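Colleague: I would like to learn how to read a fold from its coordinates. Could we take one model and go through it feature by feature?

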Amino acid sequence: MSYAQQHLHETVAILQRLDVSAIEKVVDVLAQLKENGGRIFFIGVGGSAGNCSHAVNDFRKLLGIECYTPTDNVAELTARINDEGWESAYVEWLKVSRLGARDAVFVLSVGGGNAEKNISRNLVAAVDHARKSGARIIGIVGRDGGHTARLADACVIIPTVNPRAVTPHCEALQAVVWHLLVSHRRAATHRMSRQ
């Protein structure tokens, strides 16, 4: 079997193992957020940060939800990293954004953050801040989902079928799941409250 065949077979296997009830739980959170006029703040690093930018477009345009990601403002992000450090860059951005109880932090990540292993501590800090702020936490993560999966109100974990290909599968399937979400009838038709 060629590598291309193997990769595609693995992708099919992952899709077949996705927890549909977890996806529907994310839809429930999105419908409630939309009804309450809340905002979504997408956070991720590496390839997942790029996915955040794409997701912001889709959730704004297709669902009519106000959304942002700190990685779309390179000047502010790099100034915060330079002056305050990487670990606090997302938290401080969320504070200026006045993250509140009507809002959600949506994590796209392979590992979901892990303070003990010193992995994506910026995500860990942001998730902790979201919890303290009363905001909802949503995730599409890989492996066991780390800190995000432990604290999330709704989280889709991309199953691992090949430990050597966790990152490419996870980052690719983040897009599959969020495109499912923005085209889901219940999320798309749920009325947004007026303020």
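**Strands and sheet**

Modeller: Start with strand β1 (residues 40-43), which is covered on both faces: Ile40 and Phe42 on one side, and Phe41 and Ile43 on the other, are all buried. Buried means under 20% relative accessible area, exposed means over 50%, and partly exposed is in between, with a 1.4 Å probe and protein chains only. Helices (H or I, at least four residues) and strands (E, at least two) are DSSP runs numbered from the N terminus. This is a predicted model, in which local features need pLDDT of at least 70 and side-chain atom pairs count only at pLDDT 80 or more, while totals for chains, interfaces and linings use all residues. Residues are numbered from 1 along each chain as its sequence is written, and side-chain values use heavy atoms, with hydrogens and water left out.

Colleague: How is a sheet read, and in what order do the strands stand here?

Modeller: Strands of a sheet pair through backbone hydrogen bonds, either parallel or antiparallel. Two strands count as paired if DSSP finds at least two bridges between them. Here five strands make an open sheet in the order β2-β1-β3-β4-β5, with parallel pairing. β2 (67-68) and β5 stand at the edges with a single partner strand each, so one side of each has no neighbour in the sheet.

Colleague: How many bridges join β1 to strand β3, and how many does β1 share with β2?

Modeller: β1 is joined to β3 (residues 104-109) by four bridges, and the two run parallel. Phe41 has Val105 as its bridge partner in β3. Between β1 and β2 there are two bridges, also in the parallel sense, and Ile40 stands opposite Cys67 in β2. The chain gets from β1 to β2 through helix α3 (residues 47-63), and this β-α-β crossover is right-handed. Right-handed means that, with the strands pointing away from the viewer, the path from the first strand over the helix to the second runs clockwise.

Colleague: What is found at the β5 edge, and how many of the residues of β5 are buried?

Modeller: Four of the five residues of β5 (residues 154-158) are buried, so by the definition above each is under 20%. β5 pairs with β4 (residues 136-142) in the parallel sense over five bridges. Two partner pairs are Gly139 with Cys155 and Ile140 with Val156. β4, helix α7 (residues 146-151) and β5 form a right-handed β-α-β unit.

**Helix and cavity**

Colleague: How do I check a helix such as α8, and what should its 18 residues span?

Modeller: The expected span is 1.5 Å times one less than the number of residues. For the 18 residues of α8 that gives 26 Å, and the end C-alpha atoms are 26 Å apart, which agrees. An α-helix has 3.6 residues a turn, so residues three or four places apart point the same way. The buried residues of α8 include Val166, His169, Cys170, Leu173, Val177 and Leu181.

Colleague: How is a cavity defined, and how many are there of 30 Å³ or more?

Modeller: On a 1 Å grid over the protein atoms alone, a cavity is a set of points where a 1.4 Å probe fits but cannot get out, and lining residues have an atom within 4 Å of a point. Grid points are joined across faces, edges and corners, and the volume is the space filled by probe spheres set on the points. The count comes to one cavity of 30 Å³ or more, with a volume of about 40 Å³ for the largest.

Colleague: Which element gives the most to the lining of the largest cavity?

Modeller: Helix α8 (residues 166-183) does, with three residues. The lining includes Ile14, Ile158, Pro159, Val166, His169 and Cys170. By class it has seven nonpolar, three polar and no charged residues. In this scheme Ala, Val, Leu, Ile, Met, Phe, Trp, Tyr, Cys and Pro are nonpolar, Asp, Glu, Lys and Arg are charged, and the others, Gly among them, are polar.

**Loops and distances**

Colleague: Where does Ser120 lie, and where is Arg143?

Modeller: Ser120 is in the loop between β3 and α6 (121-133), and Arg143 is in the loop between β4 and α7. Ser120 has a positive phi of about 50° without being a glycine, and Arg143 likewise has a positive phi of about 50°. Ser120 is partly exposed at 21% relative accessible area, and Arg143 is partly exposed at 47%.

Colleague: Is Gly146 buried or exposed?

Modeller: Gly146, in helix α7, is buried at 5% relative accessible area. Its C-alpha atom is 9.5 Å from that of Ser109, 37 residues away along the chain.

Technical notes. On a 1 Å grid over the protein atoms alone, a cavity is a set of points where a 1.4 Å probe fits but cannot get out, and a pocket is an open set with protein on both sides within 12 Å along at least five of seven lines; lining residues have an atom within 4 Å of a point.
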